[in-house]
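Reader: I'm in my first year and I've just opened this model. Can we walk through it together?

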Amino acid sequence: MKQVVQNYKSGELAVLDVPVPGCKPGGVLVRTAFSLISTGTELMKVSEAGMSMVGKARSRPDQVAKVMQSVAVNGLPATYRKVMGKLDSYTPLGYSLCGVVEQVGAGVDDVKVGDLVACAGNEHALHAELNWVPKNLYSPVPDGLAPRHAAFGTVGSIALQGVRQGEPQLGESALVIGLGLIGQLVVQLLTAAGVRVVGADPDPARCGLAERLGAVACGDPGSTAVENAVAELTDGHGVDQVYLAAGGGSNQPVELAARLARDRGRVVDIGKCRLDLPWNAYYEKELDVRFSRSYGPGRYDPSYELEGRDYPIGYVRWTERRNLACFLDLMARGRVDVEPLVSHVADFEDAVETYRRLKEGELKAVAVLFRYASAPVEAPAPELAVPAVRRAAAPAAPTRTGSSPVRLAFIGAGNYASSMLLPHLARREGVVLSTVVTTTALSAANARRKFGFAGATTDLDAVLGDPSIDAVFVVTRHSSHADLTRRALLAGKAVFVEKPLALTEDELAAVLATVEESGNDRLQVGFNRRFAPLLREAKQRLGTRTGPAGLRYLVNAGRLQHGSWYLQQGTEGSRFEGEGGHFIDTASWLLGADPVSVYAVAPAGNEDLQIVLRYPDGSTATLSYVTTGASGFPKETLDLLADGKVLKLDDFVRASVHFDGRKRWVSSRLPKARDKGQSAELASFVRAVRTGGPMPVPLESLVATTAATLAVRASLAAGAPVTLARPL
């Protein structure tokens, strides 16, 4: 078999042919599918191996001390031969992998041949095609977790053990110094535990990544941004915990920790950084300094790691193996997402070249995986084609004079139309409510009486054939939207259709085929939130964005009453398909682009959804659509983080923009005055119809939002992100 090795004396890296390890009792023989390069620990070893002997000595003073002790005991010649012999030997690399059990040793009964397992250990989870792994250093991979993600198990356990040492509690705050692989995982674990996190790293890309994965704010530790963020987050008290996940010879991390930790805060060392503790700073705050020993209890204990002797759970709750299983479970349940950390996947045969590129900085990466010939063939990422918008040549929309009213017809006059649309239109100058079309005579008569329609009918064809009607509102049940929109466009009308535009890809394609056939692209979908005055002012106050952003949108949708037609999924689509476009459109408008991929996960037994939208510039929007939340909690809350700024929206009642360490703008209104933008949206639509100017939202954006909404269902079915493929 083949294995990656390094000669510490010469620095040579090689992929060698070595014998297959035997399958000893108390462990399993595992054929590797993916192994993870630790871009911190392993690259440090690779860099040290390339140093001169003096450089090696300076980098490892602990080993120099051992050599000097050996000289005193054994003499210089014997010690020299011993040291040179050890240096001039091949040593293995790697300690985190996922593979398939090929043989089961005696005494093992929790896995069988063919099972997928995650493995740990710098002597047992090596970059090699086959590894023998003792029982306490592997864990079965949960169903549904991708092998490439399970390969993060060991590194994830290191991060998890570090977080456990910090003893975080709900509502606390933390500072993570160093946003490499371990630091990024620590950020996610703390966020999942209900801790508000600030990150520090000199690399802006890593700071942006950490913010997209849950950090409140991140910045260069040498700037004032981190101190300002901590001061604002903690009202000047300092963070409850500091996690040192940085490497290198600088003492800046421990000095920063002392400045930004609160009185009697906890400082946890996970990485390998310089630890010259400034005595006064640590003494005056009585800081609690803790070390995190690798993957957890059991590490460096031969009886645990090699002999398989477990610690009783009543005395040691979290061992190496239990940490490994816990981290795998967190990934399987979507609480930790490692996919954004994967910068590169290399074939195992290209290992030497991959290390060279990493060492020389040619390949900048947070995490790199080796893929082996035995790796399961990964299905191509699911795609959903976004239909092209093509317009046939057609006469421009007529321009009306200011005195010429816009004549509107409504198809449907249910609760939403009667409460959120018609009251705004009935009192708007320059608008004539011409005709209302409903399926029953009485509902048409009620709408005519309440809002002053000139006529009421159940005959749709008569309305579509009336040349005096300028625009048609489609406000019916979801299953009819696409067909009614097509008919109105073919009749030459401007169309305002409530969300959703379509419930299937075929319906969306049919609407666009009608646009191409008729040349009529005068279409608006009822995505009103981008027109909300409070949100528009907040976006203006935030200013132009230069770097990627992270957006978090919580929709506390609540439960529907029994019997609601929204629950008729067989005909009307899912509840999210009905209204989810609202929230996707809002996120895309705030981020100034259309999404390029959609990833959705849902717990069993309810309609709650967690959706991650990715955008071309690296921005992400995380949409939590929750039906099981508290009824008294606001329906919509939103945070947008970018360029050291934060925009916050609280249910269209309150908004604020924060930067430079303080609130720069706050605005609020009475709850009864909550304005979600319907009035402004309708004014824009009427103005476009009257003047013949552009519709309020480009058709391409309406199509992209609809496609992204439909992609949620596709992602749930595939259990994977769905790429939104756009026509060239």
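Reader: Is Lys112 buried, partly exposed or exposed?
Author: Quick background: this is a predicted model, where local features need pLDDT of at least 70, side-chain atom pairs count only at pLDDT 80 or more, and totals for chains, interfaces and linings use all residues. Residues are numbered from 1 along each chain as its sequence is written, and side-chain values use heavy atoms, with hydrogens and water left out. Buried means under 20% relative accessible area, exposed means over 50%, and partly exposed is in between (1.4 Å probe, protein chains only). Lys112 has a relative accessibility of 55%, so Lys112 counts as exposed.

Reader: Which residue does the side chain of Lys112 meet in a salt bridge?
Author: Side chains of opposite charge can pair when their charged atoms come close. Here a salt bridge is a side-chain nitrogen of Lys or Arg within 4 Å of a carboxyl oxygen of Asp or Glu. For Lys112 the N to O distance is 3.2 Å, and the partner is Asp115.

Reader: How many salt bridges does that rule give?
Author: Some of them form a network, which links Glu353, Arg356, Arg357, Glu360 and Glu362. By this rule the count comes to 37.

Reader: How many residues apart are Arg614 and Asp337?
Author: Their side chains meet in a salt bridge, 3.7 Å from N to O. The pair links distant parts of the chain: Arg614 is in strand 26 (residues 609-614), while Asp337 is in the loop between helix 13 (320-332) and strand 15 (342-347). Helices (H or I, at least four residues) and strands (E, at least two) are DSSP runs, numbered from the N terminus. In sequence, Arg614 and Asp337 are apart by 277 residues.

Reader: Why are Arg541 and Glu537 separated by about one helical turn?
Author: These two form a salt bridge, with their closest N and O atoms 3.3 Å apart. Arg541 is partly exposed at 44% relative accessible area, and Glu537 counts as partly exposed at 28%. They are separated by about one helical turn because they sit four residues apart in helix 20.

Reader: Which residue makes a polar contact with the side chain of Arg530?
Author: Arg530 lies in the loop between strand 23 (523-525) and helix 20 (533-542), and Arg530 is buried, with a relative accessible area of 9%. A polar contact is a pair of N or O atoms within 3.5 Å; within protein, one must be able to donate a hydrogen and the other to accept it, and residues adjacent in sequence count only if both atoms are side-chain atoms. At 2.7 Å, the side chain that makes this contact with Arg530 is that of Asp585.

Reader: Which residues have the most contacts inside the largest nonpolar core?
Author: In soluble globular proteins, nonpolar side chains tend to be buried together. A nonpolar core is a set of buried Ala, Val, Leu, Ile, Met, Phe, Trp, Tyr and Cys residues joined through side-chain atoms within 4.5 Å. The largest one has 74 residues, and those with the most contacts inside it are Leu551 and Ile611.

Reader: Which helix gives the largest share of this core?
Author: That share is eight residues. The helix spans residues 699-718, and it is helix 24.

Reader: How many residues are in the second, separate core?
Author: Its members include Ala150, Ile158, Ile182 and Ala210. The size of this second core is 55 residues.

Reader: How far apart in space are Leu287 and Ala258, C-alpha to C-alpha?
Author: Leu287 is in the loop between helix 11 and strand 14 (288-291), and Leu287 counts as buried at 11% relative accessibility. Ala258 is among the residues in contact with Leu287 (contact means heavy atoms within 4.5 Å). The two are 29 residues apart in sequence, and their C-alpha atoms are apart by 7.8 Å.

Reader: Which residue does a cis peptide bond join to Lys499?
Author: Most residues other than glycine have a negative phi, and most peptide bonds are trans. In this cis bond, omega is about 0 degrees. The partner lies in the loop between strand 22 (494-497) and helix 19 (505-518), and its name is Pro500.

Reader: What is the phi of Glu167, about?
Author: Glu167 is found in the loop between helix 6 (153-166) and strand 9 (173-177). Glu167 is not a glycine, yet its phi is positive, at about 50 degrees.

Definitions and conventions
Lists of a residue's contacts leave out its neighbours within four places in sequence.
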